[in-house]
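Let's take a guided walk through this protein model, one region at a time. Have the sequence and the 3D view open side by side as you read.

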Amino acid sequence: MSKEANLTKSQYKNYFNISQYRNEAWYSLKQIANYFNQGQLDNIENQNFKEKVSSAFSTLKLIEKYYAYPGIDFIHEIEEFYLQEQYEEFCQSVSDLVRSIVSDSYRSNRSATESEEKRKRMLKEDEIQLSQSRDRYFEVIFVDDGSMDSEETIKEKFEYARSEEDEFTYEIIVLSSLEDALIALLFNPNIQACIIRSGISYKSAFDLEEIKPFIAGIDLMQFQDRLEGDLGHELGEVIKEIRPELDLFYLTDIPVDELDTETLSCFNRVFYRTEDLKEIHLSLLFFLKERFNTPFFSALVDYSKKPTGVFHAMPISRGNSIFRSQWLRDFGEFYGRNIFLAETSATTGGLDSLLQPTGPLKKAQELASKAYGSQNTFFVTNGTSTANKIVLQALVEPDDVVLIDRDCHKSHHYGLVLSGAYPVYLDSYPVEKYSMYGAVPLEEIKHKLLALKDAGRLDKVKMLLLTNCTFDGIIYNVKRVMEEVLAIKPDMIFLWDEAWFAFAGFTPIYRQRTGMYVANFLQRKYQSAEYRKEYEENLKSDSPKPLPDPDLVKIRVYTTQSTHKTLSSLRQGSMIHIYDELFKRKTEDSFHEAYKTHTSTSPNYQILASLDAGRRQVQFEGYEMVEKSIEMAMVLRSKITSHPRLKKYFDILRVENNIPSQYRKSGITEYYNKSNGWVRMEEAWAEDEFVLDPTKINLFVGRAGVDGDTFKNKYLMDQFGIQINKTSRNTVLFMTNIGTTRSSVAYLISVLLKIADQLDERIAAMSDTQLKNMERTIKSLTEKTPPLPDFSRFHESFQAVPGVPGGNIRKAYFMAYDETKCEYIRRTECKKAMKNGREIVSASFVIPYPPGFPILVPGQVLSKDILEFFINLDVKEIHGYRDDLGIRVFTKEALA
Ligand SMILES: Cc1ncc(COP(=O)(O)O)c(C=O)c1O
């Protein structure tokens with residue numbers, strides 16, 4: 001067997017992120033250490049490996065500066081073993097370390113690198129206390145110009161400040177520049193707090209060439225252009241933008257009365273150089289505890305421990321009707337006692353009322369608001385289906401106009417029926433080859449908005465409603481959309497349906513494309529003196545650009561998130577996040593009315609507790625988990641793309657397959673290819689009109705001669721128990737999330753390989769006729785793609801204003817309650833009727849699954865394109881279409 005160790009510096013393009021690169025560096029050092037320890041190297045191998053060891057050490061000495069564990073001292077220690085040819089110790093130390101990093105066990109037991117003395121001290125400590133606090137391990141960066149204390153002294157002082165009673169354990173990383181601090185934050189997910197001295201410098205003193213590809217995001221964020229004044233304060237501002245969940249402390253000499261309000265509000269606390277480090281240590285733990293608190297979950301735990309008598313309508317409470325039953329005990333045993341102890345409808349005794357929270361639920365929602373960057377956050381226990389209806393009812397009224405993407409979730413359409421506002425449907429660009437829709441181009445939004453302006457109806461337009469990201473992972477340039485729309489309509493309300501995007505706020509690259517981030521960003525921008533100057537100068541120029549008027553513009557943004565879809569929450573756990581300058585003044589009351597309209601008076605406490613606990617999780621490990629899920633997606637993409645047996649039947653849809661080139665200014669076409677390795681996505685995400693969420697992986701199965709639905713059910717589910725929830729005619733969609741593990745990725749790849757083998761066998765056994773049939777199926781799935789229709793129009797009887805976009809969907813919906821005005825017509829009979837001049841107008845929603853959005857809404861005229869699409873649909877589940885009768889339509893008389 002040839003002796004190999006992988007890592008060479010020029011190969012970094014083969015690593016998607018620094019964590020892969022770092023792990024590989026350690027792993028290759030482990031392999032080499034092993035060879036040295038075995039002592040069977042010839043001269044050439046010996047020389048070759050010596051070069052590799054020195055290269056691995058130089059890589060690790062750079063990377064490990066940004067991590068407290070294992071620490072630079074450990075690297076010097078193992079280097080010494082190596083130089084002294086103590087290969088056994090060298091090999092053992094590196095192996096222990098690799099194990100502790102790969103398994104993450106170092107967080108609860110860092111003994112692989114602890115000195116003998118420290119290990120002995122720890123053994124004496126209380127076992128339980130130790131395991132608890134060690135489980136809660138974090139790292140802190142101390143950014144210092146180095147003028148006062150050495151790194152050693154700083155670490156010693158913190159060591160001295162700690163006590164055995166501390167609830168959390170942490171280690172300090174000392175860095176000396178703003179650039180190093182940002183790199184550490186990008187690389188190291190263990191960092192939970194930053195202590196920053198005033199007067200630090202910008203540039204790192206290290207040679208960063210080797211890690212350049214992994215820090216490209218920092219340059220693209222263009223912070224350098226904004227950095228003026230004290231860089232310590234500026235660093236705090238930047239961190240608040242990229243990792244807002246972290247606690248920030250400022251160390252300065254500037255007298256209190258000279259500290260500006262921005263500095264004071266940027267940091268959790270300001271300390272003076274002369275102050276005791278014990279105080280900083282206590283503050284670190286105090287603020288961490290604040291984030292760690294889960295007010296509602298903890299209240300529920302406390303409640304469940306109290307003895308109570310239940311004399312209200314909830315026999316299941318405390319398991320009373322279950323554990324004494326002869327016939328239901330298995331149900332109780334399956335779920336365990338706690339869930340029943342926590343089943344209650346109490347709103348007092350330490351608990352709270354969701355409809356009027358004043359205690360732990362209020363606090364839990366406030367903490368969620370902080371975590372998700374909103375001004376107000378509300379928990380919803382019936383999914384985003386309900387969250388959407390609440391927001392629509394709260395904000396729009398009969399006669400208002402709402403610009404809405406036609407392929408949005410059905411809850412919006414129903415919300416419009418309830419509120420009586422007129423929808424103006426916006427068409428997404430089609431991706432015909434794969435039978436899916438993309439997202440709504442900005443041109444389409446502006447075109448419809450300007451048409452309403454020309455018709456004198458701009459004052460009626462209230463809201464723009466878009467889905468970000470779409471099921472297939474198309475993500476809007478939220479900032480650009482809002483800026484350009486506000487230039488036309490400065491008080492527009494935005495509802496971003498982020499049902500699939502709750503995780504996005506926890507990593508900087510995604511965060512810049514979320515509703516809450518952009519709302520906050522634009523509010524600051526439009527209120528700034530610089531913007532006012534830019535606006536006034538623009539007005540004076542020869543060809544002024546459309547810009548929002550700073551005196552008129554109002555930031556009013558709502559996002560709805562199915563927390564349960566992408567983060568840790570029980571099913572139906574959802575949140576509404578609000579960033580609305582006019583909320584208190586205009587909307588608060590109507591919002592509460594709408595909230596009460598749709599919220600159960602018996603909300604499920606387990607769901608609420610999971611939203612609270614899930615919030616804690618994302619604040620501590622959201623960054624790490626989301627980055628990992630992106631990494632898992634990238635691994636899956638690269639493995640499927642480059643595996644010859646998989647390539648034979650399957651293709652992963654690339655960025656260019658999902659997003660036409662006119663929306664990709666960066667020119668990015670894919671995230672990975674075998675010859676060039678990883679393509680950095682930062683530039684595209686900063687600029688492009690649409691980007692593709694890499695965690696949504698569409699697999700094209702048309703070349704396998706199998707349609708999406710069959711592939712999902714007969715292959716993935718029936719044979720291998722793999723669940724997915726979306727298919728198109730010729731694709732299936734896989735998603736990675738914060739629960740995706742390496743082994744599940746490996747399992748999926750092995751399943752696809754098995755399916756490829758089955759396909760090989762099936763084809764090999766086919767007769768000529770069967771082969772011909774198969775070819776026909778493949779041709780149909782890959783070439784004959786039915787066109788995807790746009791929204792047609794509302795019938796004259798339901799148009800808000802004749803000839804102007806916008807329809808009275810509510811009128812049509814309720815008119816259909818009168819059965820004398822409706823009849824049924826089969827889809828196959830429609831063609832003839834239309835040929836004879838009949839306008840067929842739907843009386844109900846017709847929603848096929850997939851794609852899961854209405855191809856007809858009440859009051860909509862059936863067009864030739866929609867009919868063709870409908871006839872060609874090969875899905876079995878079509879809500880609003882009765883196999884025995886057909887589509888419910890209005891009679892000619894009803895429309896006369
Ligand atoms: C875009 C979008 N919005 C809203 C929803 C409804 O979310 P929930 O399942 O949380 O009710 C979905 C469900 O799939 C969705 O895809």
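Which residue has a polar side-chain atom that lies 2.7 Å from an oxygen atom of the ligand? In this predicted model, that residue is S562. Taken alone, the ligand exposes 390 Å², and the protein buries 84% of that area. Two elements each give two or more residues to the surrounding shell, namely α18 (383–395) and α25 (563–566). Of these, α18 supplies the largest share, with four residues.

If you would like to pick out the whole shell in your viewer, select G383, T384, S385, N388, H409, T467, D497, A499, W500, S562, H564 and K565. Sorted by class, this shell holds two nonpolar, eight polar and two charged residues. Beyond S562, two other residues of the shell deserve a closer look. D497 places a polar side-chain atom 2.7 Å from a nitrogen atom of the ligand. T384 takes part through its backbone instead: one of its backbone N or O atoms lies 2.8 Å from an oxygen atom of the ligand.

From the ligand, let's move along the chain to a sheet. Here four strands make an open sheet in the order β16-β20-β22-β21, and their pairing is antiparallel. Why is one side of β16 and of β21 left without a neighbour in the sheet? β16 (651–652) and β21 (726–727) are the edge strands and each has a single partner strand, so one side of each stays unpaired within the sheet. The partner of β21 is easy to follow: two bridges join β21 to β22 (residues 731–735), and the two run antiparallel. Across this pairing, K726 stands opposite L733 of β22. A helix also packs on this sheet: α27 (residues 605–642) touches β16 and β20 (696–700), and its direction makes about 20 degrees with that of β20.

Further along the chain comes another open sheet, built from three strands in the order β25-β29-β28, again with antiparallel pairing. Its edges are β25 (822–825) and β28 (881–882), each of which pairs on one side only. Two bridges hold β28 in antiparallel register with β29 (residues 886–890), and R882 stands opposite G886 of β29. This sheet has a helix packed on it as well, α35 (residues 827–835), which touches β25, β28 and β29. The direction of α35 makes about 105 degrees with that of β25.

Finally, a few spots in the backbone are worth a visit. Which peptide bonds are cis, with omega near 5 degrees in one case and near 0 degrees in another? The bond from Y69 to P70 has the omega near 5 degrees, and P70 is found in the loop between α2 (43–63) and α3 (72–83). The bond from N468 to C469 is the one with omega near 0 degrees. C469 belongs to the loop that runs between β11 (461–467) and β12 (474–476).

One last stop is R318, a residue other than glycine whose phi is positive, near 60 degrees. You will find R318 in the loop between α13 (295–305) and α14 (320–323).

Methods: Residues numbered from 1 in each chain as written. Predicted model: local features only at pLDDT ≥ 70, side-chain atom pairs only at ≥ 80, totals over all residues. Heavy atoms only, no water. Pairing = 2+ DSSP bridges. Contact = heavy atoms within 4.5 Å. Axes fitted to C-alpha atoms, helices over the stretch in contact; angles between N-to-C directions. Near = heavy atom within 4 Å. Polar contact = N/O pair within 3.5 Å; in protein donor to acceptor, adjacent residues only side chain to side chain. Areas by Shrake-Rupley, 256 points an atom, 1.4 Å probe, with all protein chains shown as cover. Nonpolar A, V, L, I, M, F, W, Y, C, P; charged D, E, K, R; others polar.
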